[in-house]
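Work through the exercises below with the sequence and the coordinates at hand, and try each task before reading its solution.

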Amino acid sequence: MMRKNRELRIVFLGIVVLFVVFLAIPALQLLLKSVWGANGLTAEFYASVFSQKGFGAALRNSFVVSAAAAAAAVMLAFVIAYAIHYTRLPRPCKRMLQAAATLPMFLPTITYGFAIIYSFGKQGLITQLLGFQLFNIYGFGGLMTGYVIYTIPVAFLLIHNTMGYIDKKTLTVSRVMGDGALSTFWIGVLRPLLGTLAGAFIQAFFLSFTDFGIPASVGGRYEVVATVLYNQMLGGIPDFNRGAVVAMIMLLPSIGSICLLQLLERFNIRYSRISDAELRRNTARDAGWGVSGAVIAAAVLAVFAVIFVVPLVEDWPYRTAFSLEHVREVLSDSNLLRIYTRSIWTALLTALFGTLLAYGAALITARSSLSGGYKKAVESIALVTNTIPGMVLGIAFLFSFSGSALQNTLALMVLCNIVHYFSTPYLMMKNSLSKMNAGWETTAMLMGDSWIKTILRVVTPNALSSLIEVFSYYFINGMVTISALVFIAGARTMVLTTEIKQLQYVNKFNEVFVLSLLILFTNLIAKALFSWLANRSAQKKKA
């Protein structure tokens, strides 16, 4: 037991050192940059930012558009999830709805903006089909559309997962008791989902408030905090002190959202037993919810249809004959192919080391007899990483590692991704490990096996499907992330997402869409492969 604890303490020490160096110190550097001037401690930079013309409007704009987008995303995600769980639609239809709801996760957010421009702009694909422009794409309308598309997958997955644990027999009991349709809907569906719906709203709001990719392409003159921060840091005349102030201000909503999520835990209903009740036949219900879900899914997919059209014609919208010239140009450009290869390596290294980190942390909290202090420390790290937006983390890394051996290196980008996305993979591994037999390590110890042998021979094979899912999560996010990397990627370390941002400046949108397709197909292939491996591993474990 002492040997096991000693090995776990070494793992714990490694985790703590990593997060001290690549999270705590950068965050402290950011804070110091916002309050430390030429003459020492000062509130000058905060006063300057708050009195700056347009900052108050940008802050207000961020809250308004993020809240509106979050509310819309939650409602739309609820409709799709309800159609999957509470109707008798054919299984293939449900799978298609789920695939459409999660598709945006496989593309970087900066691509959403360009897809909106080429779909709803004056010469856009959907505008051409309708014969008129639906809305002004630059400003609130474009941001709202982009944020809704961006946050539907997150809201859907939260609601979808919770709906799977709601006892559907409650609906039958409510009807037997003589409740009306609305009362049954409230008691059997909405009431158990209240905590999740509120949590989905907060998560969607937080993601919208801190996103950089969508405002970078369709923000226009409707400034939000993310664009103010980018302009302060990488504008014509960078101002690092005031940029640090804006970054600290961006932390406040994220910290508040985490506190609210903790409070909302008490509203989650947990059933002691879940019965898989058969839904009664109701053609009107199935048709109504099925058509509603299909319309939402089709609307999401329609926005991205332009990605497959524009790079495959001669010159949109003037010459629309089919052509592979733009694809050939990208594939023959050795620099772009080198960037694509670098993106793959960045995502793979992020996934490999991120999975090992999440696994080690989860072993401490779910499979160890270490004292509560160790476990609380790991839980706190996961909570903190969940509160820091990518832009803020990227700026903190910029301040901390400029001039060091890590500046403009692939290693720094990988470490940034690992820290940024740590929370969810850790929770995935913790939930998986906590469900396994608690006596495996003790039994192995009594048989003379060391702790590390037990982990490798017993625990890891049983956790393999979860490890593959965590690897997949890290890989896909490593391919689409931009908000943090835009501040620390250099000319020698460009990845596809940051290259797309550069191509925007020279209006090379054909290349933008071809690179976006590369990201999409890479992630879809990776997801299919990892899902197959995870399912195969789970089936072997059952056998």
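**Exercise 1.** How many helices and how many strands does the chain have?

*Solution.* The model is a predicted one, in which local features need pLDDT of at least 70, side-chain atom pairs count only at pLDDT 80 or more, and totals for chains, interfaces and linings use all residues. Residues are numbered from 1 along each chain as its sequence is written, and side-chain values use heavy atoms, with hydrogens and water left out. Taking helices (H or I, at least four residues) and strands (E, at least two) as DSSP runs, one finds 25 helices and 4 strands in the chain.

The radius of gyration, taken over C-alpha atoms, is 24 Å, close to the 24 Å from the globule rule (2.2 Å times the number of residues to the power 0.38) for 543 residues, so the chain is as compact as a globular protein of that length.

**Exercise 2.** State what percentage of the residues count as buried, and then describe the largest nonpolar core.

*Solution.* Buried means under 20% relative accessible area with a 1.4 Å probe, protein chains only, and 53% of the 543 residues meet this criterion. A nonpolar core is a set of buried Ala, Val, Leu, Ile, Met, Phe, Trp, Tyr and Cys residues joined through side-chain atoms within 4.5 Å; the largest one has 145 residues, and those with the most contacts inside it include Phe19, Phe422 and Phe475. Apart from this core lies another, of 26 residues, among them Val79 and Leu279.

**Exercise 3.** Which residues does Phe422 touch, leaving out those up to four places away in sequence?

*Solution.* With contact meaning heavy atoms within 4.5 Å, the partners of Phe422 include Phe19, Leu357, Ile381, Thr385 and Tyr474.

How values were computed:
Buried < 20%, exposed > 50% of the residue type's maximum accessible area, 1.4 Å probe, protein only.
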